[in-house]
Each structure stands twice: as C-alpha cells, then as structure tokens.
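Here is a short set of exercises with worked solutions, to be done with the model open beside you. Try each task before you read on.

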Amino acid sequence: MTNHTAPVSPVSHHRHITRNSCDCKMNFSEVFKQTNQLCKVSPDGKYLATCVQYRLVVRDVSTLQILQLYTCLDQVSHMEWSSDSLFILCAMYNRGLVQVWSLEQPDWHCKIDEGSIGLVSSRWSPDGRHILNTTEFHLRVTVWSLCTKAVSYIKYPKACQKGIDFSRDGRYMALAERRDCKDYVCVFVCDDWHLLRHFETETQDLAGLEWSPNGCVLAVWDSCLEYKVLLYSLDGRLLSTYSAYEWSLGVKSVSWSPSSQFLAIGSYDEKVRILNHITWKKITQFEHPAIIDNTKATVYKEAEKRPGVGSDEMPLHNITMGATLFNTQSKYEICPLPVQIPVVKPDPDRASPKIGISVLAFSSDSRYLATKNDNMATAVWVWDMQKMSLEAVLEQTSAVRCFQWDPLRPRLALCAGNTKLYLWSPGGCVSVQVPTEGGFQVQSLNWHCSGDSLILLGKEQLCLCYMDTDQEDK
Amino acid sequence: MPESSTVKDVLSSSVECRTSPLRRFSLSALHRNSLGVFCSEDNVQECLSHISQEVSSFGLRPAWTEPGSGSELNIVAALNCMYDLIQLHRRGLRTLENMEVEQLKSNSNVDFLQLSTTRLKEQLEISKRENTGLLERERQLQLKVKSLQNCLKNEKEEVQKLQNVIASRASQYNHEMKRKEREFNKLKERLNQLLVDKKEKKQAIDVLNNIGRADGKRSLWKTEKMEAKHEGEMYKTLLSDYDTRQRELQLENAELRKVLQQMKKDMVSILSSRKPAAKGDKHEHGGTQAASEEEDDEAFDSSKESVELYCVHAREKLTNSIRLQWRRLKSHVERLDSQVSSAQTGESKSTDAVPRETHEEEMDRLKLEIQQCKDFIQAQQQLLQQLSSPCDEETASLLSDCYMLQEKERLGDEWKTLEEQRKIFERERRNFTEAAIRLSHERKAFEEDRATWLKHQFLNLSPFSDSKKPSLSKSKSAFLISAETDSSAAVAPEKFIKHRSESPRCVPLTSPSTADLYRTLCLIPEDSSTKPKRKTEHVEESSVFCGNAPVRHKRWDGIQDRTLSQEKNSSI
C-alpha cells in the first residue's frame, strides 16, 4: 500500500488527497479542534456542529466554512441535533443546564435550568420540540416543551444501561421503570406524552430495552447476572422469552437488524445468537474461537512496516521524533488458515470482565454483522447473514476502538487509536494513513449520512475524510 | 509296562525267599558254633538231610532221590541243585543290586525331598512374613481410608454448611437490597417532595419565544378521544406490521408452492413417461389397478391445481398428492435400481446363455488350433534336432549354448522357487518350534493347575489337623513338580524318576497295576517293610485317590524310617 500525499487541491482548501491500492481516492480535510469528542453532523447532512470548550461551532459540511458560532455558559458535556436539523442542544451536566440554539434564528435562545436537582442526561424527543432531562439519582425525567414551555415529569425511571428508547418513526417511547423492587416498562406516545401501556416485565434486574426498527417489537434484556431476553409487542403482550443458558454471566449486547428480521444477542460466553422474527427462536449462533480454521472466512492481518529507517537506530529515532513514530505504514495481508487470534485472559476477580461480545453492528442492508469480542480486542469479526457464516476477520495490530457501517453501503470503517483508518468491504480491506501533522490518533469515527464522508475524531481534534464517490461507483 | 513286570519279578522272588534266611541263619550259627565247619565226615548224613531239607524248602528238587540210597551223592542231581542254587544266588544278587540302586535312588530322592521341604518351609516362612507385612499394611491403609472417609464426611458437612451459609447470605442480601432500594426510593420521594416544596425558581425554562410544532399543528388536549385515537393508531401500526409480514409470508409461500408445483409436474412427467414403458410388465405384475389409480390422481390434480392455491383443505391435498407422488417416485427409483442391478446380472446371464453354443464351437475351434500349433512346433523341434546332430560343431556349440542358457534360466528359476520353498519351510519350522514352546508352557501350566487341584482335593478330603495339612500337601506337590524339573539332574536314576513322575500322571486314569498295587497294599499292610519303592508310589496315589489318609500317613512315616535304615544297611 502506498499513500501518496498529493499537494493541496485548489477546490477544497486544506485538503490532503490520498490514493490507496483499491484506487479509491480519499481526501482528508484539515484538522479542527474539538472537545469531549462532541462533533455531530445534522440529520439532514448539511451541517457539522462541534464543541470547543464552551463554544459551539456550526460549519457547512461541504465547504467546512463556519456558519454559526454560539457561546454557551460553560463547557459543554453533551451536544445533539434536533431531528429537523433546526436546533442544537448543548447540555452542561455539572451545572444542570441545557442551552438550545436555533440555526435559522441565531438570536433565538433557550435555557433550561434543572436547578439543584441536578442533571445526568439530556436528549431531544423525536419531534425536536421537547427535551427530556434525566435528573440526578434518576429521580425523574423532566419533559420540557419548547412549544408551550410546559413541563411534565415521569417518575421512577430506572438507572440502567439503556433505559429509554424511541421507536424509529419517533412515535413511541419506551421507558424502563423501577417501582417496589419490580421492573416495569412504560410506552409513551411521543406526540402528547400519553402513557399508552404500562406493564411489568419478567426480569430480575432489567438492563436495557430496544425497539425493533419497525417499531412493533420491544426487546428487553436482563442484567448480565441472568441470560434473559424478552420480546414484547407494542401493545404490551409478551411475545417470547429467550434464554440460552443459566448460572453464568449473560447478555452483554443486543442489536436489531435494520430489517427487523434478526435480533443479535452478544453474551459473555463469546457467542452471538441470532433470533428470527417469526418464531423468536435461535436460528444460529456465531462463535468467536481463538483459532480460526473456517475455510470460507478470509482473515486479514494488519502488517506494519516502518519506512526506510535502520532497525538499530529505531528506538532513539522514535523517541526523538514523535511525529514519525506514528507514520509507520501498514497493510493487510491475507493469512493462510488456521489463524490464531491473540486472546487476553480476563481477570476473574474483577467485575464486568473483559470478555464476551460487547459490540454488535448490522450493515445497513442487514447483510453483514460486525462483532467484537472483548478478550480479542484486536479483532473485528464480520459475519454474512445470508450464508450465516463467518465472512472475514480483521486482525489489527492494536486494540479496535470503534467501528461503524456505512449508512448506505456494506462498508465498515474502523479505527484503532492510531493514525490510520481502516475500511472493509466485501471486495477487500484497506488501511489508510491519515495524512495530518502532529500525530492525529483516531479514537472514534462517524459516517456522514450520505456515506460519502467520515468524521474522524482524535483526542482533541477532528478531521473529515471524503470518499471519492465517482471512483466508488465504478 | 516293563516296570510293573520287573516289580512283579522282584516281588515274587522276595516272597519266595522271605522266611528262609532267618532259619538258615540260626541253623548255620548252630552248626558253626558246635563244629566250626558246616560239614565233616561225621555229619555228612545230617548235612545231607539238612541240605536237602533246605533245598526242598527253596522249592528245588533234592540233590538225591531218597535218603535210603546211602551217602552217595547223585552227582547229576547235586550239580543241578548247585546250579539252581547258583542261579538262585545270582538272581538274588541281581535283585540285591537292583534294590541297592533303587535304595540309592530313593535315598537321593528323599534327600532331595527333604531339601525341597526345607526350602519350601523357608519359602513358607518368608511368605508368612510377607503376609503379615501385607496384613499390617492393609490394616494401616484401612485406618487411613477410615480417616479419609471421616475427612470426606467432614468436608461434605462443611460444604453443606457453606452452601447453607451462601443461601442464607443470598437471601439476606436480597432482602437487604430490597430494603435499601425501598429506602432509596423513599429518599428519592422525599427529595422530590422537598424540591417541589421549595418551589425553586432556578428550575425553569427560559425561551425567547415559543416555537411551533414541527408538523405545524397545534397541540391537542388530552381527552378520551385522544386516548382512543392513540390506541387506534397503535393497533393500526401493529396491524400494518402484521399485514406486511403476512404479505411477505404469502410471497414466500407462493414461491415455495411454485417450487412444489414445479416439482410435482416434474414428478408427474417422469412417472408418466415411465408408464408406457412399464405398462408391458405391469400386466405381469398384476398392478393394473395401481396404474389406473395413478391416472385418476393425476387427472384430479391437474384439474384442481388452480383452485387449491389458497384453501386449507386443498393445501392438504396438494401436500398429500406430493407426498404420494414422492413415494411413488421413490419406489420407482428403487425399482429402477433393482432393475438395473437385475439387468446387470441378467445381461451377463443372457450373453452367456444365448451364444453359449457359439462359444463352445469357438472354444473347440481354438483348441483344435492349439493342438495343431503344438504339433507343428513339435515337428519343428524334431527337425531342428535332426538338423543339429549332423551339422558342424560351431552351430552345435551355438545350439548347445542356447540350450545351456535355457537350462541355466530354468535352473535359476527352479533355484528361486526352491529358495522360496526353503524360506517357507524355515518359517514353518519356526512356527512349529514356537508352537512346541507354547505347548510346553501350556503343559507346565496344566501341571501346575493339576497340582493345585490335587492339593485342593486333598485338603478337602484330609481330616488332618490344620498344622499338618499345608506342609504335607506342599511337600507332595513340590515332589511332583520337582520330579519333573530335576529329571536331568542325574543320569543313572533318570529312568526311575521318569517312571515315578509319569506313573502318577497315567495312573489315575486307567492303569490297572496301580489299582492292583493299591489293593495289595490295603490287604497286606505289613508288606511295607519289604517294598519301600512300591510304598512310595502308593503314598502318592492313595493320598489322592483313596480316602483313608491316616493309614497312609502312618505308613509313609514308616517308610521313611525304613528306607533310612535300609540305606544304612546297604551302606554297611
């Protein structure tokens, strides 16, 4: 793999152009500052909002020119676009404050003060006109209306992994509730916060809930002490209960396929179980063995190469020249099977051990499933949902931080806390050096909703990566 | 049996001369004491009478016809008598010699037995010691086991206790947690109340101006109607979801049905194409009604195909018909398979049967041809020989060389085959030796088994005290074994030992002599003094085969004494 750092292109200012072996051109933007990794593209894909300390900067995605600049009262801890891309919410949790900014009317302002009751979480309702604030100790959820200034309270919200979920169409909200030492689920109509259903769940200690993408089925799972997944219909009927085993740490992650056809459950036993949407029974299970001998799978192993420096002077050189330390080139090699994936044994005495499937992500077409097993931190597994088999394994040189599917294509982007961006698609795998000065380490990434660009987030910086769509389409 | 005859011989002679030596001894002593010489001028008559008496007591003819004929000796008779006496003497000597040898042998045997007895005693001692050691160890181990069992029990109790502790703790913990949660909730409630009561001005929303709803509508009051509407909407979404799902399923079903139909059609076509071909043999099979049934079914299916799509009943029919046809297809395929296999065999048969005659003809023809060729070759050879004899030396040598070469080759071939045969023989011989070794091993094992069995039998039978039993049985069994093993120890007594060792082996089965011997032994127990050798045999046999052990035992002891004394005598 050769990365050509081309001169700055005249059209898009301050951009580096990179070509990779796939002959798909990638342009990288200049690096911008950000704090707390607060950087979000508006749902319509036009604007990019970033927080720098107490300032909120809104840029045009295509030109990266600053459109608006807002000043908040304190350092922002959470930032979110409203669903109609007209408002931006900035929450300052340590001051119990939420400020809302309008893109259309820069003068318009709104400030919500939760006061001494405190604030731990703030979010938009799907309609973009209400703000849901969860107070400290999960005392209650306050719903503020921007239309009427009205405030309503929802009591007994449960403090758990994922206690609130909105259906994809934004009509319903499911909320986990804890009363009298029992778990309940409330289903609200988001239009007028009318309580549609309220039912007790058969859980010991509910850990999370998630709507199916079509909004008709609610998956509820128990805490890791017990493997239990419950499926409720929108009207509160229990459709099915699934438990794979007992007496051992159970569910670690749950994910619906975009088609609502599959429910993937990752657990502490290093397996992913796939349930179907008709009988809610297990179709198959994906194991994550340390030795891969499945002949149908392709194993891509990242191989690092340090350019042009003699091995004896390496250490000194690296210490003195920090920037070049990160400029090692790498490429993927296809490993002949069987392959041994490095495994880290978790400490059994510590709580929430680093083992099991922590991340599950379906591609937008529900064709592929990407998973990560916590005790094999350097590997990402891609499964083919049509063949119900392992498609590829990406073995990185360092631990994988984050991966995300292209919202339109079956293309997976991942980062591993180094200066490189990795992409997988059914056709192959590439590793791209982010050509920026000062050792930009990619900690996290987000796809633009068009799938044409990626936002790469470093510790205090961000950078955009543009995929050359013409080339891609070819 | 040569042995028994010699024994009898010895026996008879010894019986004959049993009583005489004592008397003779006393008489001769008397005579010697008074005169110094046996016969003098004075006592010729007495001597004569005495001698004749003695001679007659030996069962010989007297040396002289009658006492009345004076002192003249009938020389012929006297010579005969002397000759007889000498013969008698010789025989006696021979017997003595035999007896001595026998004596020696039995002495050595006794020595050996004693030796082996001591050895066995030692062994017994050792094994007893070992036994006690083992017993001690066993006791210790049992103690250990007991202690371990106790430990295990304790551990189990401990585990039970711990489990109880855990369970109680878990319940306690759950209880505590619930209590804490309740408390926590109470606190939350209280905090909430306080915050509400405080009417904090800080908790507020500050909006420049209210914004409209995203959909542009005004918000609605919460009314019953709204509730109903929400319910309705919810059900609508659910319904639509079910609708889409049903449609999907229908689509899938339709596709599957299409596949099914296609399959069915294929099957039907296959089956129908088969039918005309199979019709011929159908008549033979008598399956005409099946065929008509099939046709009916097919007619029904094809006519109803369009109707049966969405009806449950029809669906059942469809699946049933498919199943039926599938079964039919299966049987058809099976039949085809069997046909193919039978055809294969039939083919071979038919090809064999039809042109058999032609084959035979061909064969005959070929045979004839071969014969002709052979004749031709023979004629050629003859011609060649005729040619070779008168032709010059060179060609002769050439020819001979040729022959030589041929001969060499032939010899080489023969050599090879012989070599192979030799190898085979070698292998066979090895096998034989191995078999022989195995046989001997087996025999040995059998012997041992038998010995133990005998011992066992004896132990069961013998009413002796326990202290005597083991030693006796041991010594005996040891004798049996040792007699065999030590057969090569001495060359001279080998024969005897062999006899000895073999006799117990064959005796128990059929030998009448042993039975006889036993009978005589039982009848004349006093014989023991004169027949030590026979006694020993009897000891062996009677100990096993007759029940009167006490008698035998006593006798055995007596024999030992006897033999010992005899040994002394012979040595003197």
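**Exercise 1. Salt bridges within helices**

Task: Find how many salt bridges the structure holds over all chains, then work out where Arg365(B) and Glu362(B) lie.

Solution, step by step:

1. Start with the total: in this predicted model, 33 salt bridges are counted over all chains.
2. Pick out one of them, between the side chains of Arg365(B) and Glu362(B), with N to O at 3.1 Å. The cut-off for such a pair is 4 Å, so the pair at 3.1 Å qualifies.
3. Place the two residues: both belong to helix α8 of chain B (residues 356-388), where they sit three residues apart, about one turn of the helix.
4. Check the surroundings. Arg365(B) has a relative accessible area of 44% and Glu362(B) one of 38%. Partly exposed covers the range between 20% and 50%, so Arg365(B) is partly exposed, and so is Glu362(B).

**Exercise 2. Two pairs in one helix**

Task: Say which helix holds Arg410(B) and Glu414(B), and which helix holds Arg422(B) and Glu419(B). Then decide for Arg422(B): buried, exposed or partly exposed?

Solution, step by step:

1. Take Arg410(B) and Glu414(B): their closest N and O atoms are 3.3 Å apart, in a salt bridge. Both residues lie in helix α9 of chain B (residues 393-461), with a spacing of four residues, about one turn of the helix.
2. Now take Arg422(B) and Glu419(B), whose side chains form a salt bridge at 2.9 Å, N to O. These two are also in helix α9 of chain B, spaced three residues apart, about one turn of the helix.
3. Add the accessibilities. Arg410(B), at 41%, is partly exposed, and Glu414(B), at 38%, counts as partly exposed. Arg422(B) is partly exposed with a relative accessible area of 46%, while Glu419(B) is partly exposed at 24%.
4. Finish with a network: Lys158(A), Arg178(A), Asp183(A), Asp205(A) and Glu181(B) are joined by salt bridges that share partners.

**Exercise 3. Where the two chains meet**

Task: Describe the contact between chain A and chain B: how many residues each chain gives to it, and which element of chain A gives the largest share.

Solution, step by step:

1. Count the residues: 52 come from chain A and 41 from chain B.
2. Turn to area. The two chains bury about 4,200 Å² between them, with 54% of it on carbon and sulfur atoms. On the side of chain A, the residues that lose the most area to chain B are Leu139(A), Lys149(A) and Cys181(A), together 13% of what that side buries.
3. Look for polar links. Between chain A and chain B there are four salt bridges, and 10 residue pairs are in polar contact. A salt bridge joins Glu231(B) to Arg197(A), side chain to side chain, at 2.7 Å, N to O.
4. List the elements on the side of chain A that touches chain B: those that give two or more residues are β10 (109-113), β13 (140-145), β14 (151-155), β16 (172-179) and β18 (194-200) of chain A. The largest share, five residues, is that of β10(A).
5. Sort that side by residue type: 23 nonpolar, 11 polar and 18 charged.
6. Follow β10(A) across to chain B. This strand runs antiparallel to β1 of chain B (residues 204-207), and four bridges join the two. Opposite Ile205(B) in β1(B) stands Ile112(A).

**Exercise 4. Inside chain A**

Task: Characterise chain A, then decide for Phe28(A): buried or exposed?

Solution, step by step:

1. Read the make-up of chain A: three helices and 41 strands. Of its 474 residues, 58% count as buried.
2. Locate Phe28(A) in strand β2 of chain A (residues 25-33). Its relative accessibility is 0%, so Phe28(A) counts as buried.
3. Compare sequence with space: Phe28(A) and Cys465(A) are 437 residues apart along the chain, yet their C-alpha atoms are separated by 4.5 Å.
4. Try Ser444(A), in strand β39 of chain A (residues 444-447). With a relative accessible area of 15%, Ser444(A) is buried. Leaving out residues up to four places away in sequence, Ser444(A) touches Gln37(A), Cys402(A), Cys415(A), Ile455(A), Leu456(A) and Leu457(A).

Technical notes
Residues numbered from 1 in each chain as written. Chains lettered and ligands numbered in written order. Predicted model: local features only at pLDDT ≥ 70, side-chain atom pairs only at ≥ 80, totals over all residues. Heavy atoms only, no water. Contact = heavy atoms within 4.5 Å. Buried area = accessible area lost by both parts, 1.4 Å probe. Polar contact = N/O pair within 3.5 Å; in protein donor to acceptor, adjacent residues only side chain to side chain. Nonpolar A, V, L, I, M, F, W, Y, C, P; charged D, E, K, R; others polar. Pairing = 2+ DSSP bridges. Buried < 20%, exposed > 50% of the residue type's maximum accessible area, 1.4 Å probe, protein only.
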